[in-house]
Amino acid sequence: MPVFDLFLLEALINGIFLGGVLALLSLGLNLIFGVIDVVWICYAELIMFGMYGMYFLYTVYHVPIVLAAAVCIIGVGLLGVLLHALVIAPLLGAAPINQLLATGGVLFFLQSAATVLFGVEFKNLGLRLPVLKVAGMFISYSRLLAFAAALIGMVLVYLFLTRTYTGAAIRAIAQDRQIMPLMGVNARRIYLITSALGGALAGLAACLLVLQYDVHPFVGLSFGPITFLICVLGSLGNFGGGFLAAFVFAEIISVGGLYLDLEWGYVFAFAFFIVMMFVRPEGLMAKRS
Amino acid sequence: MLELKSVRAGYGSFQALFDVSLEVRQGEAVSVIGPNGAGKTTLMRVISGLIRPTAGSIAMEGVDLVATPSYRIVEIGIAHVPESRRLFPRMTVEDNLRMGGFTPAARPKFQERLAVVYELFPRLRERRRQLAGSMSGGEQQMCAIGRALMSEPRLLLLDEPSAGLAPVIVEQVFDLVKRLRAGGLTVLIVEQNVQQVLRVVDRAYLLKAGSIRAAGTAADLLASDTIRQAYLGV
């Protein structure tokens, strides 16, 4: 197979690009789970609202795209704060199943709200980004852009978590919630900041995904389940594990899709997940303690 | 300095403390001794606000601690080294110390306090980039005490600092308590290691089944028949 290598390389590169975006998605969810101990089942629906935000600001109201992205990131960050204050905070002491059901309820609420507000038609930015030709390979500019922006977003979050007092408190609270008052940390404030950060990450993801995909009220189903699987595969709440698992998944999807249809890539990825759950039920980065 | 009056506390319907009153004066080292399950840890947690009393009053230099949000109690000058250390295991030693200096008042003094802690525990300076959970028990105890000292407390609460440590390390911990007290820090220490703790504190209370059964100077308690029979095995 003489052309084998070039196609494989292209698939590997696309896998890395996809991995960056999936890693960004899983980081937001992991952050919320690690710190607040709650799973935002409706995480991908926050992204869906962010995508609509981009569509309306940029395509309908012609706001410059960078400004639209900034508004979108801040707006979804505020949605995260609202979600925490209205739904999560009152249920913090409740059984985990109640919290799951509540955020699951928010998922259907947001889907229905989007259907009523925006209709079921597929919308897109109408933005045509060029395809780059590098050494005989086709590299999508929008994927490259999404990858780069996701990477920058993750670096910023990393710096925030490692260089600031609030960031240190966010890491600490994920390791020992009960003693936080002894450090002088107001856990409720940290939860709100984390929710804003988780929302902002969903907002950033929305800006990047809307470059590549149409938005519709059920678009969350395309990213939500895979984000959960990545977080579980990387050991829920483990940031490094989620990062690694995102790239593993993305490469399976991308390379698996090379030999058969793209959908087969997803079949392989989910099959891999199921096998891994038998082999390492705690995830790739099972906590040693 | 610290005054508890008729404090009752518990977990749900289980009451762990029955009308406990005690006092710690400025510059003193005071111990609360007693058997397992006597309510010693509950007593410490009720002072630092981790659990709330159901009755009674707790005051630090006249400030009502019961009415103070738990995360503000450290700002009043009380640092609590919890039972079994409770470090952040997947954070470095220095990040653990940073968390100890989290309060707005402590942040500008971070380098200064870090120097004090490293002077006290040179081993921590060597291990500052190491994950706290990967250290030995003795080193973790040093880190836990160092973390508490980062907030520049005036009252240090130590909950079973000798638990699970080798005898030679236990010796070092009690020696440290002596040095901290000599440096002007007020210390309230809960211990099961009765004989050793009574040699480093000024006064002690005996807590049993949630109430104070005896109180006095360390020397008196060491000499008292009840204590000797019950705890010293002589």
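This passage describes the fold of chain A, the contact between chains A and B, and the salt bridges of a predicted model.

It is convenient to begin with chain A on its own. The chain contains ten helices and two strands. Read from the N terminus, the order of these elements is α-α-α-α-β-β-α-α-α-α-α-α, with the two strands preceded by four helices and followed by six. The radius of gyration of chain A is 19 Å, which agrees with the value near 19 Å that would apply to a compact globule of 289 residues. Along the principal axes, the C-alpha atoms of chain A occupy a box of roughly 65 × 50 × 35 Å. Half of the chain is shielded in the sense used here, as 50% of the 289 residues of chain A count as buried. Contacts within chain A often bridge long stretches of sequence: among those between residues at least 6 apart, 78% join residues at least 24 apart.

Attention can now turn to where chain A meets chain B. The contact draws 18 residues from chain A and 22 residues from chain B. On the side of chain A, Tyr165(A), Leu182(A) and Met183(A) together supply 37% of the area that this chain buries against chain B, more than any other three residues. The area buried between the two chains is about 2,100 Å², and carbon and sulfur atoms give 64% of it.

Polar and charged groups also take part in this contact. Five residue pairs are in polar contact between chain A and chain B, counting pairs with both residues at pLDDT 80 or more. By class, the residues of chain A that touch chain B comprise ten nonpolar, five polar and three charged. Two salt bridges are counted between the chains. One salt bridge joins Arg86(B) to Asp176(A), with the closest N and O atoms 2.7 Å apart.

Over all chains, the count of salt bridges comes to 17, and several of those within chain B are worth a visit. Arg25(B) and Glu28(B) meet through their side chains in a salt bridge with an N to O distance of 3.5 Å. The two partners differ in their surroundings: Arg25(B) is partly exposed, at a relative accessible area of 40%, whereas Glu28(B) is buried, at 9%. Both residues also belong to a network of salt bridges that links Glu23(B), Arg25(B), Glu28(B) and Arg203(B).

Two further salt bridges of chain B lie within helices. In helix 3 (residues 93-100), Arg98(B) and Asp95(B) are separated by about one helical turn, because they are three residues apart. Their side chains meet in a salt bridge at 3.7 Å, N to O. Arg98(B) is partly exposed, with a relative accessible area of 22%, while Asp95(B) counts as buried at 13% relative accessibility.

Helix 5 (residues 122-126) of chain B holds Glu126(B) and Arg123(B), which are three residues apart, about one turn of the helix. The closest N and O atoms of this salt bridge are 3.8 Å apart. Here the acidic partner, Glu126(B), is exposed, with a relative accessible area of 62%, and Arg123(B) counts as partly exposed at 38% relative accessibility.

Conventions: Residues are numbered from 1 along each chain as its sequence is written. Chains are lettered from A and ligands numbered from 1 in the order in which they are written. This is a predicted model: local features need pLDDT of at least 70, side-chain atom pairs count only at pLDDT 80 or more; totals for chains, interfaces and linings use all residues. Side-chain values use heavy atoms; hydrogens and water are left out. Contact means heavy atoms within 4.5 Å. Buried area is the accessible area (1.4 Å probe) that two parts lose on being put together, summed over both. A salt bridge is a side-chain nitrogen of Lys or Arg within 4 Å of a carboxyl oxygen of Asp or Glu. A polar contact is a pair of N or O atoms within 3.5 Å; within protein, one must be able to donate a hydrogen and the other to accept it, and residues adjacent in sequence count only if both atoms are side-chain atoms. Ala, Val, Leu, Ile, Met, Phe, Trp, Tyr, Cys and Pro count as nonpolar, Asp, Glu, Lys and Arg as charged, and the others, Gly among them, as polar. The radius of gyration is taken over C-alpha atoms; the globule rule is 2.2 Å times the number of residues to the power 0.38. Buried means under 20% relative accessible area, exposed over 50%, partly exposed in between (1.4 Å probe, protein chains only).
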